[in-house]
Amino acid sequence: MPRLVYVLNGPNLNLLGKRQPHIYGHETLADVERDCTALAAELGLEIRFLQSNWEGQIVDWIHEAREAAAGIVINPGALTHTSVAVLDALNAFDGTVIEVHISNVHKRESFRHHSYVSLRADGVIAGCGAQGYGFGLRRVAAVAAAGKA
Ligand code: CA2
């Protein structure tokens with residue numbers, strides 16, 4: 001049975017590819033989902049690819065993942081820099097957590113340099129564009145395979 005991975009996207013990521021392409025690129029979130037689904041199949045993973053503009057919905061999905069998933073790949077959007085609630089939810093999740101940012105947050109405004117989510121994340125990927133999601137999935141698959149060996 002394929003291992004389940006939640007791929008969670010926070011506020012405004014539904015606008016990907018539609019605004020600010022100089023920062024976030026031209027790929028839409030639907031493009032990212034398609035690429036992640038194809039890669040997941042290669043890696044023997046099943047994904048639930050989700051986006052919400054609501055903090056509580058992201059928290060609920062993290063709780064749902066506790067019951068079912070080997071890992072979470074999360075781009076929390078601006079919740080990265082503000083949300084203790086998302087951090088607390090991730091702290092209650094036992095699997096692998098990979099934090100992804102499309103842009104290099106460390107090259108940007110100073111308020112983007114701090115991440116609550118990084119206090120829990122096992123790995124952090126930033127500035128690799130939408131490719132970062134694929135790197136995150138590969139990492140979850142590698143950690144799961146190492147655990148099985
Ligand atoms: O670089 C990233 O992936 C971010 O997580 C994106 C967040 C930002 O608040 C973080 O600091 C870094 C913003 C997501 C908004 O995405 C948009 C995409 C296109 C147009 C407007 C917003």
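These legends accompany close-up views of a predicted model with a bound ligand.

**View 1. The ligand occupies the largest pocket.** Let's start with the surroundings: 17 residues surround the ligand. The closest are Asn75, His81, Ile102, Ser103 and Arg112. By residue type, this shell divides into eight nonpolar, seven polar and two charged residues.

**View 2. Side chains and backbone both place polar atoms by the ligand's oxygen atoms.** Look first at His81, where a side-chain N or O atom is 2.7 Å from an oxygen atom of the ligand. The side chain of His101 also offers an N or O atom, here 2.9 Å from a ligand oxygen. At Ile102, the partner is a polar backbone atom, 2.7 Å from an oxygen of the ligand. On its own, the ligand has 500 Å² of accessible area, and the protein covers 95% of this.

**View 3. Arg34 and Asp31 form a salt bridge.** Now for a pair of charged side chains: the closest N and O atoms of Arg34 and Asp31 are 3.4 Å apart. Both residues belong to helix α2, which spans residues 29–43. Because they are three residues apart in this helix, about one helical turn separates Arg34 from Asp31. Searching the whole structure turns up five salt bridges.

Terms used:
Residues numbered from 1 in each chain as written. Predicted model: local features only at pLDDT ≥ 70, side-chain atom pairs only at ≥ 80, totals over all residues. Heavy atoms only, no water. Near = heavy atom within 4 Å. Polar contact = N/O pair within 3.5 Å; in protein donor to acceptor, adjacent residues only side chain to side chain. Areas by Shrake-Rupley, 256 points an atom, 1.4 Å probe, with all protein chains shown as cover. 1 Å grid on protein atoms, 1.4 Å probe; cavity = no way out; pocket = protein on both sides within 12 Å on 5 of 7 lines; lining within 4 Å. Sits in = over half its atoms within 2 Å of the grid points. Nonpolar A, V, L, I, M, F, W, Y, C, P; charged D, E, K, R; others polar. Salt bridge = Lys/Arg side-chain N within 4 Å of Asp/Glu carboxyl O. Helix = DSSP H or I, 4+ residues; strand = E, 2+ residues; numbered from the N terminus.
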